[in-house]
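Trainee: May we go through this structure together, step by step, with a question for each feature?

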Amino acid sequence: MGVIVGLLVCVLAFSIYKLASIFLVYNSAEKEYEDLKQYVTEDPISPDLLADSGAVLDAPEGQEEANAPLVPMTRIDLDSLQEINPDAVGWIEIPDTVISYPLLHSEDNLYYLRRTFQKENNRAGSIFIESKNHSDLSDLHTIIYGHNMKNGSMFADLKNYLKKDFWQEHPYVYIDLVDGAHCYQIFSCHEAPVSDVCYTIGYEADNVYADFLTTLQSASLFDTGVSVEKEDHIVTLSTCTNDGKDRIVVHAKKIY
């Protein structure tokens, strides 16, 4: 009897140790990312507020209108972020969710899978752009990855987009880059296997890309009513399902 009790005590002690270790890892990453929010000085501008404010800029002299940023990137201190980590390319945020993180890009998708913004080993990892995509999101389709952490951090809130009411309350993704502030409108939310067509990139504005967009729309768990055309630039936000077997994906098109 004493041996059994001793074994149970050992198992309990080990379980407590493992839980404490996990908590410390989570807490370390949360503190780092919370500290980085000091470089975010303003809230993003919703499309409605942008239209009301008249904040849309004319193209700078000598620059074509199509290539000009509509909104200046003033709310993020990107220079300071890049001093900490040169791989920083911007900031991604979905208001009223936990998703508000620096955005990274490297030549290896595995690098930031288990490293934080400050390159510390941590299972929380970072929010990062697919290595084969351009870091300025100039591709027609760009993929952005983040973990579905059990403490609700990183991209964990993406699982809430499997419910229509959550999408209705959080329809926009804001991404600030060196060329300006941008807003993406969500048009499709669903689960997908890792081999799904939604993980293909390198498209041109042709019928193949139009068919791809139709596939993404058709896969959505609900009708968003948001149309997409072959000229649209889109992003796919990707995270693991709770069991890790499939992926939760949220697709959004650029509107400014």
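The questions below concern the sheet, the cores, the salt bridges and the aromatic pairs.

Mentor: Please note at the outset that this is a predicted model, in which local features need pLDDT of at least 70 and side-chain atom pairs count only at pLDDT 80 or more, while totals for chains, interfaces and linings use all residues. Residues are numbered from 1 along each chain as its sequence is written, and side-chain values use heavy atoms, with hydrogens and water left out.

Trainee: In what order do the strands of the closed barrel run?

Mentor: Strands (E, at least two residues) and helices (H or I, at least four) are DSSP runs numbered from the N terminus, and two strands pair if DSSP finds at least two bridges between them. The closed barrel has 8 strands with mixed pairing. Its order is E1-E2-E3-E4-E7-E8-E6-E5.

Trainee: By what angle are neighbouring strands of this sheet turned against each other on average?

Mentor: Axes are lines fitted to C-alpha atoms, for helices over the stretch in contact, and angles run from 0 to 180 degrees between N-to-C directions. For the average over neighbouring strands of this sheet, direction is ignored. The value is 30°.

Trainee: Do E4 and E7 pair in the parallel or the antiparallel sense?

Mentor: Strands of a sheet pair through backbone hydrogen bonds, either parallel or antiparallel. Isoleucine 143 stands opposite threonine 236 in E7. E4 and E7 are joined over 5 bridges, and the sense is parallel.

Trainee: Which residue in E8 is the bridge partner of leucine 237?

Mentor: Strand E7 (residues 234–240) and strand E8 (residues 247–254) pair in the antiparallel sense over 7 bridges. Within E8, alanine 252 stands opposite valine 235. The bridge partner of leucine 237 is valine 250.

Trainee: Which residue in the turn of the E7 and E8 hairpin has a positive phi?

Mentor: The hairpin has 6 residues between E7 and E8. The positive phi is about 80°, and the residue is glycine 244.

Trainee: Why is E7 described as largely enclosed by the rest of the structure?

Mentor: Buried means under 20% relative accessible area, exposed means over 50%, and partly exposed lies in between (1.4 Å probe, protein chains only). E7 is largely enclosed because, of its 7 residues, the number buried is 6.

Trainee: Which strand gives the most to the largest nonpolar core?

Mentor: A nonpolar core is a set of buried Ala, Val, Leu, Ile, Met, Phe, Trp, Tyr and Cys residues joined through side-chain atoms within 4.5 Å. The largest one has 60 residues, and those with the most contacts inside it include Ile92, Ile144 and Leu237. The strand that gives the most, with 5 residues, is E6 (residues 180–192).

Trainee: Across which strands does helix H5 lie?

Mentor: Contact means heavy atoms within 4.5 Å. Helix H5 (residues 207–219) runs at about 60° to E6. The strands that it lies across are E4 (141–145), E6, E7 and E8.

Trainee: Which residues are joined into one network by salt bridges that share partners?

Mentor: A salt bridge is a side-chain nitrogen of Lys or Arg within 4 Å of a carboxyl oxygen of Asp or Glu, and a search of the whole structure finds 4. Arginine 75 meets glutamate 93 at 2.9 Å, N to O, and arginine 75 also meets aspartate 176 at 2.9 Å. Aspartate 176 lies in strand E5 (residues 172–177) and arginine 75 in the loop between H2 and H3, so this pair ties together parts that are 101 residues apart in sequence. The network consists of Arg75, Glu93 and Asp176.

Trainee: Is aspartate 176 buried or exposed?

Mentor: Arginine 75, its partner in the salt bridge, has 5% relative accessibility and counts as buried. Aspartate 176 has a relative accessible area of 2%, so the term is buried.

Trainee: How far apart are the closest N and O atoms of lysine 37 and glutamate 34?

Mentor: Lysine 37 is partly exposed, with a relative accessible area of 29%. Glutamate 34 is also partly exposed, at 49%. Their salt bridge has a closest N and O distance of 3.6 Å.

Trainee: What kind of aromatic pair do tyrosine 33 and tyrosine 101 form?

Mentor: Rings of Phe, Tyr and Trp (its six-membered ring) pair if their centres lie within 6.5 Å; planes under 30 degrees apart count as stacked, over 60 as edge-to-face and the rest as tilted. Both tyrosines are buried. Their centres are 5.2 Å apart with 90° between the planes, and the pair is edge-to-face.
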